[in-house]
Amino acid sequence: SGRQIFQPLHSLRAAEKELLPGFHQFEWQPALKNVSASCSLGIINGLSGWASSVDDSPADTITRRFRYDVALVSALKDLEEDIMEGLRESGMEDSACTSGFSVMIKECCDGMGDVSEKHGGGPVVPEKAVRFSFTIMSISVQPEGEMEEVTFFREPKPNSELSCKPLCLMFVDESDHEMLTAVLGPIVAERNAMKESRLILSMGGLPRSFRFHFRGTGYDEKMVREMEGLEASGSTYICTLCDSSRAEAAQNMVLHSITRSHDENLERYEIWRTNPFAESVDELRDRVKGVSAKPFLETQPTLDALHCDIGNAAEFYKIFQDEIGEVYKGVNPSREERRSWRAALDKQLRKKLKLKPVMRMNGNYARRLMTLEAVEVVCELVPSDERKEALRELMRLYLQMKPVWRATCPAKECPDQLCRYSFNSQHFADLLSSTFKYRYNGKITNYLHKTLAHVPEIIERDGSIGAWASEGNESANKLFRRFRKMNARQSKAYELEDVLKHH
């Protein structure tokens with residue numbers, strides 16, 4: 001529209017009073033454990049609420065956040081009109097429904113690489129940030145005397161940065177486990193307190209009571225492993241959902257079921273810590289299936305749709321190179337040869353598809369690469385006809401499977417592909433283990449394993465994978481950079497507050 005929608009700070013002051021968390025009155029029954037009853041808290045220091053013991057070094061990091069319950073209240077009040085309209089449409093009279101509301105919350109947390117200022121001279125300091133945010137996914141109510149819950153509000157765009165509310169911003173490297181847990185600790189404590197209690201909040205002029213259900217699904221694999229105490233992603237235990245080892249997953253590509261859970265990870269950590277059967281390190285590690293740190297934040301075992309796309313595209317990119325070089329014939333190529341295949345592939349993609357080579361695979365590149373036209377372009381470089389056909393078939397199957405874990409509501413958007421998913425994934429796995437055996441002999445990538453083995457089960461449980469993915473948070477990272485550059489005062493202490501306000 002050409003209108004300037006980002007206002008200068010002073011003109012925000014007036015508007016922000018009622019839009020920011022801390023404006024609305026509410027109460028908890030019973031009162032939250034270890035959380036003050038004050039409702040009017042705005043932005044607080046992210047380290048407050050973190051009790052440091054004598055031997056802890058004070059955390060030297062800057063972090064700003066809202067108190068979790070205050071932020072949830074603000075998000076609910078933002079939806080007040082939608083909620084009242086939803087109640088009317090589902091035929092529940094306003095006054096009849098004052099209790100029994102449940103709110104489903106999706107939590108996301110993502111580290112952002114280099115966010116340092118781009119204009120300064122002098123040494124480059126690597127400055128990393130982590131953002132934790134939540135989205136209200138759905139609100140349902142159980143009318144008195146009824147057995148069934150009625151869902152009267154669903155977030156139509158669960159992956160938009162508009163529905164993804166920032167809760168905490170911190171300048172922390174996501175790999176710095178100690179610092180991350182120090183900053184997220186108070187959030188975890190508040191979230192645990194809220195699970196035991198109900199929120200009383202006025203909606204449409206009447207006090208109503210809400211219960212919250214939290215599902216941490218917006219984490220990439222690195223973050224999940226860190227939060228749940230699993231070994232890093234290069235581990236032989238390749239899956240955050242089941243106990244399969246890399247070799248097993250390459251052997252049996254499709255038949256696995258979800259076994260891991262937060263509670264089980266906690267139990268396994270105890271076994272790892274105490275070693276009750278006095279086993280050797282290898283035996284112990286096999287018993288706990290790679291859980292070797294204390295799980296810290298409960299995540300929902302699911303598959304991160306965005307990174308799944310990226311991981312699989314990276315894998316296909318490598319297959320394309322191998323096919324150009326005819327690796328299936330069993331020759332052992334030198335690095336020079338591999339490099340020349342890669343150069344040929346990049347040149348071809350750039351010439352025919354205008355696809356510039358990228359340093360690290362990203363979402364946009366992945367989407368362009370995983371198309372039938374990209375395969376046709378690659379096939380021009382593949383000598384043998386039957387290999388061309390195998391590549392086309394591989395991509396056809398992949399494109400049949402992909403909508404199932406990308407769609408917000410697969411049962412509505414792609415019912416046929418959903419029905420055929422297990423069949424397609426079986427077929428895909430057969431192709432990999434026969435025609436492309438040279439790549440999958442005893443090894444398989446983490447996301448490929450999840451794509452083939454776990455998608456139907458997650459969909460059966462949650463109804464969707466795409467809706468619970470981390471995209472909203474990822475696209476809000478872009479906002480973070482932008483606000484920080486354009487709309488924040490240039491002093492470290494205020495910077496994050498301004499970014500939090502703007503989003």
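The crossing of helices H18 and H19 is right-handed (the near helix is turned clockwise from the far one by less than a right angle). In this predicted model, local features need pLDDT of at least 70, side-chain atom pairs count only at pLDDT 80 or more, and totals for chains, interfaces and linings use all residues. Numbering runs from 1 along each chain as its sequence is written, and side-chain values use heavy atoms, leaving out hydrogens and water.

H18 spans residues 471-486 and H19 residues 492-502; their axes come within 9 Å and cross at roughly 125°. Axes here are lines fitted to C-alpha atoms, for helices over the stretch in contact, with angles from 0 to 180 degrees between N-to-C directions. Helices themselves are DSSP runs (H or I, at least four residues) numbered from the N terminus. On the H18 side, Phe480, Phe483 and Arg484 make the contact (heavy atoms within 4.5 Å), meeting Lys492, Glu495, Leu496, Val499 and His502 of H19.

As for the interior, the largest nonpolar core has 68 residues. Such a core joins buried Ala, Val, Leu, Ile, Met, Phe, Trp, Tyr and Cys residues through side-chain atoms within 4.5 Å, where buried means under 20% relative accessible area (1.4 Å probe, protein chains only). Helix H4, residues 177-195, chips in with eight residues, the most of any contributor. Phe132 is among the residues with the most contacts inside this core, alongside Tyr68, Leu76, Ile136 and Phe212. Leaving aside residues up to four places away in sequence, Phe132 touches Tyr68, Leu184, Ile187 and Leu297, among others. A second, separate core has 64 residues, including Ile238 and Val327.

How values were computed. Helices (H or I, at least four residues) and strands (E, at least two) are DSSP runs, numbered from the N terminus. Buried means under 20% relative accessible area, exposed over 50%, partly exposed in between (1.4 Å probe, protein chains only).
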